[in-house]
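Q: I would like to learn how to read the features of a structure one by one. Could you take me through this one?

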Amino acid sequence: MNDYRRIADRLADDIAEGRLRPGERLPPQRAFARRHGIAGSTAGRVYAELVRRGLVVGEVGRGTFVRASPAGPGGERGIVESATSAPVNLELNYPSAPGQSELLAPGLAPLLRPDVLTEALRPAAVAGTPAAREAAAGLLATPGWRPAPERFLFTGNARQAIAAALASLVRPGGRVGVEALTYPVVKEIAARLGITLVPLATDEGGMCPGAVAAAHRAAPLSALYVQPTLHNPTSLTMSGDRRHRLARTVEELNLPVVEDRIWSFLADPPDAEPLAALAPGLTHVVDGLSKRVAPGLTVGLLVVPPHRTDEVAAAVRSGGWSAGRFAVEAAVRWLADGTVDRLVAAKRADAEGRQRIVAEELRGFRVRSDPRAYYAWWELPAPWRADTFTAAAAAHGIALTPGPAFVVDPHRTPDAVRLGLASAPVPDLRRALRTLADVAARGAAGRSGR
């Protein structure tokens with residue numbers, strides 16, 4: 001009965017002693033059973049026991065891999081060492097400009113007058129106020145596109161705007177096309193709404209129109225969700241030609257689009273025309289203030305096609321996703337007095353500076369990023385896998401987002417991590433990246449030296 005545990009104990013010793021290294025792939029269970037002269041069911045119990053102990057991780061379609069271990073023989077540290085300093089969070093990604101609170105405070109002062117505060121604390125309409133709609137239209141305008149104020153709806157944050165758009169477009173059981181790597185919150189929203197996400201091929205130009213058409217022919221899609229500017233996590237920006245081709249495709253298919261532009265404010269000069277300018281009758285634009293201003297006082301923005309205003313507004317109300325009136329009033333003042341413009345300029349400069357640190361500290365590694373973005377996609381060197389490297393980073397007090405968090409197809413698990421650059425203080429960011437580079441290099445060297 002306990003034979004499988006004794007075998008698991010021996011493998012655990014091999015891991016602890018370094019004979020099985022972090023990231024190493026165990027044999028398929030059938031081959032393991034033959035090698036050890038045991039039944040296939042016993043091999044399955046051995047692997048399950050190792051998973052239970054946290055020593056290995058199984059990846060669908062790829063196999064079972066050794067996790068990072070905390071210590072080598074005699075207590076010596078190998079690839080992973082204990083954290084010796086305060087945690088550095090490269091998972092969260094909320095930018096904050098120097099002196100941000102000092103910039104924001106003057107705009108709030110008028111709201112604290114009793115007569116103004118009384119109005120600001122009343123329930124907010126989904127369509128906001130005329131002043132809010134005009135301010136939002138000016139904020140999102142790009143060369144060649146200025147959304148009509150009457151097409152705006154307001155939510156508590158951009159996540160709620162995404163949820164409202166999808167809820168209004170897709171019935172439970174419906175299919176939504178997304179990039180093969182997509183925003184993890186969209187995966188959570190889809191699960192709650194009973195929506196199936198369909199991963200679509202992308203290349204250096206962005207989402208492939210041919211993949212959209214093929215998926216729609218296979219089984220009709222109800223909508224697309226796409227991040228054409230500074231895609232999270234890869235920071236890819238869709239080319240102008242690709243946007244035009246994608247717009248033609250969705251118009252031919254009469255396929256609604258949810259265009260997420262939450263990070264587009266970092267693109268300076270502005271990127272190519274938004275899809276909303278190319279397919280205005282189908283595109284729902286999602287944006288917000290949490291990245292531009294501050295995460296604690298947010299407003300989500302939705303620009304909807306003219307004929308869908310009532311339907312999307314109903315989804316916002318039924319979901320309880322309406323914006324707070326106080327936040328909307330504060331946003332109007334910050335937009336009017338130039339505070340948002342100053343914050344955006346500061347954050348653009350900050351993002352560029354942090355990207356320079358990435359280039360310096362991770363030189364020689366396969367890192368995909370845009371000089372304007374607040375994140376980077378790091379394709380890890382062998383033998384590292386996303387899970388083992390994330391565990392190794394955590395042992396150093398560094399939080400990362402593993403690549404599989406962004407994956408829609410569970411059979412495709414990239415050996416990559418996303419680095420969120422916005423939240424950590426600059427000295428901590430540099431130190432953390434230097435540490436991660438050392439961990440990655442020593443792991444690769446350990447495998448090559450075996």
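Q: Let us begin with a strand pair. Which residue in β14 is the bridge partner of Val367?

A: A word first on what you are looking at: this is a predicted model. As for your pair, Val367 has Trp378 of β14 as its bridge partner. The strands concerned, β13 and β14, run antiparallel and are joined by three bridges.

Q: What is the strand order of the sheet that holds β13 and β14, and how are its strands paired?

A: The order is β13-β14-β17-β16, an open sheet of four strands with antiparallel pairing. β13 (366-368) and β16 (401-402) are the edge strands; each has a single partner, so one side of each is left without a neighbour in the sheet. A helix packs here as well: α15 touches β14, β16 and β17 (416-420), and its direction makes about 40 degrees with that of β17.

Q: There is a loop between β14 and α15. Which residue joins Pro383 through a cis peptide bond?

A: The general idea comes first: most peptide bonds are trans. In this structure, the bond between Ala382 and Pro383 is cis, with omega about 10 degrees. Pro383 belongs to the loop that runs between β14 (375-379) and α15 (386-395).

Q: Now the other sheet. How many strands does the open sheet with mixed pairing have?

A: Seven strands make up that open sheet, in the order β4-β12-β11-β10-β9-β5-β6. At its edges stand β4 (152-155) and β6 (196-200), and since each has a single partner strand, one side of each is left without a neighbour in the sheet. On average, and with direction ignored, neighbouring strands of this sheet are turned by 25 degrees against each other.

Q: Do β9 and β10 run parallel or antiparallel?

A: β9 and β10 run parallel, and three bridges join them. For a pair to find on screen, take Leu224, whose bridge partner in β10 is Val257.

Q: What about backbone angles: which value does phi of Ser235 have?

A: Here again there is a general idea to start from: most residues other than glycine have a negative phi. Ser235 has a positive phi, near 65 degrees, and is not a glycine. Ser235 sits in the loop between β9 (223-226) and α10 (240-253).

Q: Is Ser235 buried or exposed?

A: Ser235 is buried, because its relative accessible area is 3% and the cut-off for buried is under 20%. Asn254 makes a good companion case. Asn254 also is not a glycine and has a positive phi, of about 55 degrees. Its place is in the loop between α10 and β10 (257-260). With 58% relative accessibility, Asn254 counts as exposed.

Q: Let us turn to helices. At what angle do the axes of α2 and α3 cross?

A: In general, two packed helices are described by the angle between their axes and the distance between the axes. For α2 (residues 29-36) and α3 (residues 40-52), the axes cross at roughly 110 degrees and come within 8 Å. That angle makes α2 roughly perpendicular to α3. The crossing of α2 and α3 is right-handed.

Q: Which residues make the contact between α2 and α3?

A: From α2 come Gln29, Phe32 and Ala33, and from α3 come Gly40, Ala43, Gly44, Val46 and Tyr47. Sorted by class, this contact of α2 with α3 has five nonpolar, three polar and no charged residues.

Q: Where do α6 and α13 stand in such a description: how do their axes cross?

A: The axes of α6 (residues 130-140) and α13 come within 10 Å, with a crossing of roughly 50 degrees. This makes α6 oblique to α13, and the crossing is left-handed. Ala131, Ala132, Ala135, Ala136 and Leu139 of α6 make the contact with Val328, Val332 and Leu335 of α13. By class, the contact of α6 with α13 has eight nonpolar, no polar and no charged residues.

Q: Which strands does α6 lie across?

A: α6 lies across β4, β11 (283-288) and β12 (300-303), and runs at about 95 degrees to β4.

Q: One last residue: is Glu329 buried or exposed?

A: Glu329, which lies in helix α13 (residues 325-336), is buried, with a relative accessible area of 14%. Leaving aside neighbours within four places in sequence, Glu329 is in contact with Leu111, Ala120 and Thr129.

Key: Residues are numbered from 1 along each chain as its sequence is written. This is a predicted model: local features need pLDDT of at least 70, side-chain atom pairs count only at pLDDT 80 or more; totals for chains, interfaces and linings use all residues. Side-chain values use heavy atoms; hydrogens and water are left out. Helices (H or I, at least four residues) and strands (E, at least two) are DSSP runs, numbered from the N terminus. Buried means under 20% relative accessible area, exposed over 50%, partly exposed in between (1.4 Å probe, protein chains only). Contact means heavy atoms within 4.5 Å. Axes are lines fitted to C-alpha atoms, for helices over the stretch in contact, and angles run from 0 to 180 degrees between N-to-C directions. Angles under 35 degrees count as roughly parallel, over 145 as roughly antiparallel, 65 to 115 as roughly perpendicular and the rest as oblique. A crossing is left-handed if the near helix is turned anticlockwise from the far one by less than a right angle, and right-handed if clockwise. Ala, Val, Leu, Ile, Met, Phe, Trp, Tyr, Cys and Pro count as nonpolar, Asp, Glu, Lys and Arg as charged, and the others, Gly among them, as polar. Two strands pair if DSSP finds at least two bridges between them.
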